[in-house]
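Here's a quick briefing to read alongside the structure. Have the viewer open and follow the topics in order.

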Amino acid sequence: MTENIVSRFWAGLSLVQKSIIVGSVLFIANAAAFTISFGNIQERYQINFLEEAGTAIAKTIGESSKFGIITRNWDILSAQVQGLLTGNISSITILDVGGNPLFEITGSERVVLDDAAVRQKTLSESPSSTERLFDPNGSLHAIIVSQMIESEKRPAREEIGLFTEKAGKERIGTVIVVMNARQVYRELAESRKTFFYLGLLAIAVGISIIVIFVEFTARPLKKLVIATQKVADGDLGYKVEIDTKDEIGTLASSFNTMLERLKETQEKLVMTERLAASGRLAADVAHEINNPLAIMKNYIYLMRKKRMKEDDPNQPTLTIIDGEIDRISRIITQFTDFYRGYQIPLEEVEILGTLKEVIEFYRGKLKERDILLEERMMGSGKVLANRDKLKQVFLNLVKNAEEAIPEEGKIIIETGREGGRIRVSVTDTGTGIKAEDIGRIFDPFFTTKGVKGFGLGLSVTYGIIKNLGGDIEVASEAGKGTTFKVMMPTI
Ligand SMILES: Nc1ncnc2c1ncn2[C@@H]1O[C@H](COP(=O)(O)OP(=O)(O)OP(=O)(O)O)[C@@H](O)[C@H]1O
Ligand SMILES: [Mg+2]
């Protein structure tokens, strides 16, 4: 049940909120662990210090009080002991060898001790001892340090030689120093309070830093999320603008590249479908038209040769009709070629050789028109294709380039290898293609050449290249020129 609530709550949080919660919990745990362990170390250190101070005081009094004890001079003793009394000392008691108090001085806060237990210490054989007294709740109450007071045992009137005892040490009493631990705990509590507030401050600052850090890191992520939503809504032209150099920046740039590819693929797909549809339609229509055309041509032939004289005034008209029928027939042949391209038999074709044949075919015409031809053959390869179809591709491209150059200009034909494929590009310094036309140049019957063009060259070219597993791309700038790039897989 609780587990369910927690997981539902967790699932409802954003990544930013989760990061802030995890970061804050870790930070608080760290701060708490540090405060607690520091408090413990401080407590141990203070208590050890108290014990060492008590031992040192007891030793000092043990040494300095001998004379006062022997002479029973409490004034001297009092003066000596008073000087050692500090805030942490609860009482200093000097007992005689029998455990009877000779002298006692108390500090600000007296710890009441069990007299019998204290007397017991005076009977102890060890020269010094330390005992810690605890409250019922386990906290240290007091530290009791006892120190034996010894004096040199001197033979009385030794100087006059009446006694012969040996010199030695003799116990003359015990000093009991009671150190008050309460004061230490009060100080510790004080410092813990300060530490607690400091800890709270550190946690507040730490969490603020975490929140700012997470917000900053997540900002580009949020942009990415918005971008994915836009793309999901069909906006493939959207671009994520993130210029960070971290992993999110890389992700964003990969995302942008992915979008571009997706857009290109989609455009190609649309075009392929459009071309396939018009190709099919064209082939059907062509099939239907070719038969009546053949019949018409036959009858014109019969009329001209059998039913008319050679000088009949209608002869030129029939020549024109015959010519136009031929023109329709040519269009239809190109069309059916385009569609039948799918079934043509394939052979190994050496690209460079085929290209050279086309260049030779055009060389004279280009020279006549003052068009410079530049050849940059930097790679060749064999492709699986149909030689005539491939020739037709290059012919169409060079023909278009030539037709795009109004007066003089230049055509560059270049070949090269690109990632296992062969590239053939035809560049011209002609009129270029208007931006609004570029998406339609591969459409059948799209032409800007009026009656001079059928608008079939590129659609046929496109169909052939696609059938052979290749690609064709165009880059053009109106007024400057155009480049068509054909990529074919090699064998
Ligand atoms: N190199 C080029 N420079 C400028 N525009 C071009 C170029 N190649 C093609 N085009 C444009 O693309 C259109 C379609 O070309 P495509 O080759 O399909 O038909 P066409 O050349 O008009 O006629 P066809 O090739 O059937 O005789 C052209 O009319 C022209 O506007
Ligand atoms: Mg053309």
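Which of the 22 residues around ligand 1 come nearest? Ala404, Thr447, Gly453, Gly457 and Leu458 do. Keep in mind that this is a predicted model. As for the overall layout, the domain assignment splits the chain into domain 1 (12–155 + 165–189), domain 2 (232–269) and domain 3 (345–491).

**The ligand shell**

- Two helices, H10 (387–404) and H11 (457–467), each put at least two residues into the shell around ligand 1.
- H10 has the largest share of that shell, with 4 residues.
- Sorted by class, the shell around ligand 1 holds 12 polar, 8 nonpolar and 2 charged residues.

**Domain 2 and helix H7**

- Measuring between centres over C-alpha atoms, domain 2 and domain 3 are separated by 31 Å.
- Ser253 sits in helix H7, which covers residues 247–307.
- Is Ser253 buried, partly exposed or exposed? Ser253 counts as partly exposed because it has 13 C-beta neighbours inside 10 Å.
- Asp243 is 10 residues from Ser253 in sequence, and their C-alpha atoms are 8.7 Å apart in space.

**The nonpolar cores**

- The largest nonpolar core has 34 residues, and those with the most contacts inside it are Ile351, Val383, Val393, Phe394, Leu397, Val398 and Val426.
- Two or more residues of this core come from each of H9, E8, H10, strand E9 (409–418), E10, H11 and strand E12 (481–489).
- H10 gives the most to this core, namely 7 residues.
- Take Val398 as a worked case: leaving out residues up to four places away in sequence, Val398 touches Val358, Tyr362, Ile411 and Val426.
- Another core lies apart from this one; it has 25 residues, including Leu50, Ile144, Met148 and Val184.

**Strands E6 and E8**

- Strand E6 (residues 347–350) runs antiparallel to E8, and 4 bridges join the two.
- Within that pairing, Glu348 has Leu384 in E8 as its bridge partner.
- Which way do the side chains of E8 (residues 382–385) point? They alternate: Val383 and Ala385 are buried and point to one face, while Lys382 and Leu384 point to the other and are not buried.
- Val383 turns up again in the largest nonpolar core, among the residues with the most contacts inside it.

**Strands E10, E11 and E12**

- E10 and E12 are an antiparallel pair with 8 bridges.
- Opposite Val426 you'll find Phe484 in E12.
- On E12 there is also an antiparallel pairing with strand E11 (residues 471–477), over 7 bridges.
- Glu473 has Lys485 in E12 as its bridge partner.
- E11 and E12 make a hairpin with 3 residues between them, and Gly479 in the turn has a positive phi of about 90°.

**A closer look at Thr482**

- Thr482 is part of strand E12.
- Why does Thr482 count as buried? It has 23 C-beta neighbours inside 10 Å, and the cut-off for buried is 20 or more.
- Setting aside neighbours within four places in sequence, Thr482 is in contact with Ala404, Asp428, Gly430, Gly432, Ile433, Val474 and Ser476.
- One of those contacts, Ala404, is also among the residues that come nearest to ligand 1.
- Thr482 and Ala401 are 81 residues apart along the chain, yet 7.8 Å separates their C-alpha atoms.

**Backbone oddities**

- As background, most residues other than glycine have a negative phi.
- Asp370 is not a glycine, but its phi is positive, at about 60°.
- Asp370 lies in the loop that links helix H9 (351–368) to strand E7 (371–377).
- With 10 C-beta neighbours inside 10 Å, Asp370 counts as exposed.
- Phe445 is another non-glycine with a positive phi, of about 70°.
- You'll find Phe445 in the loop between strand E10 (421–428) and H11.
- Phe445 counts as partly exposed, because 14 C-beta neighbours lie inside 10 Å.

Note on methods: Residues numbered from 1 in each chain as written. Chains lettered and ligands numbered in written order. Predicted model: local features only at pLDDT ≥ 70, side-chain atom pairs only at ≥ 80, totals over all residues. Near = placed C-beta within 6 Å. Nonpolar A, V, L, I, M, F, W, Y, C, P; charged D, E, K, R; others polar. Buried ≥ 20, exposed ≤ 12 C-beta atoms within 10 Å, placed from the backbone. Domains from an automatic or database assignment. Pairing = 2+ DSSP bridges. Core = buried A, V, L, I, M, F, W, Y, C linked by C-beta atoms within 7 Å. Contact = placed C-beta atoms within 7 Å.
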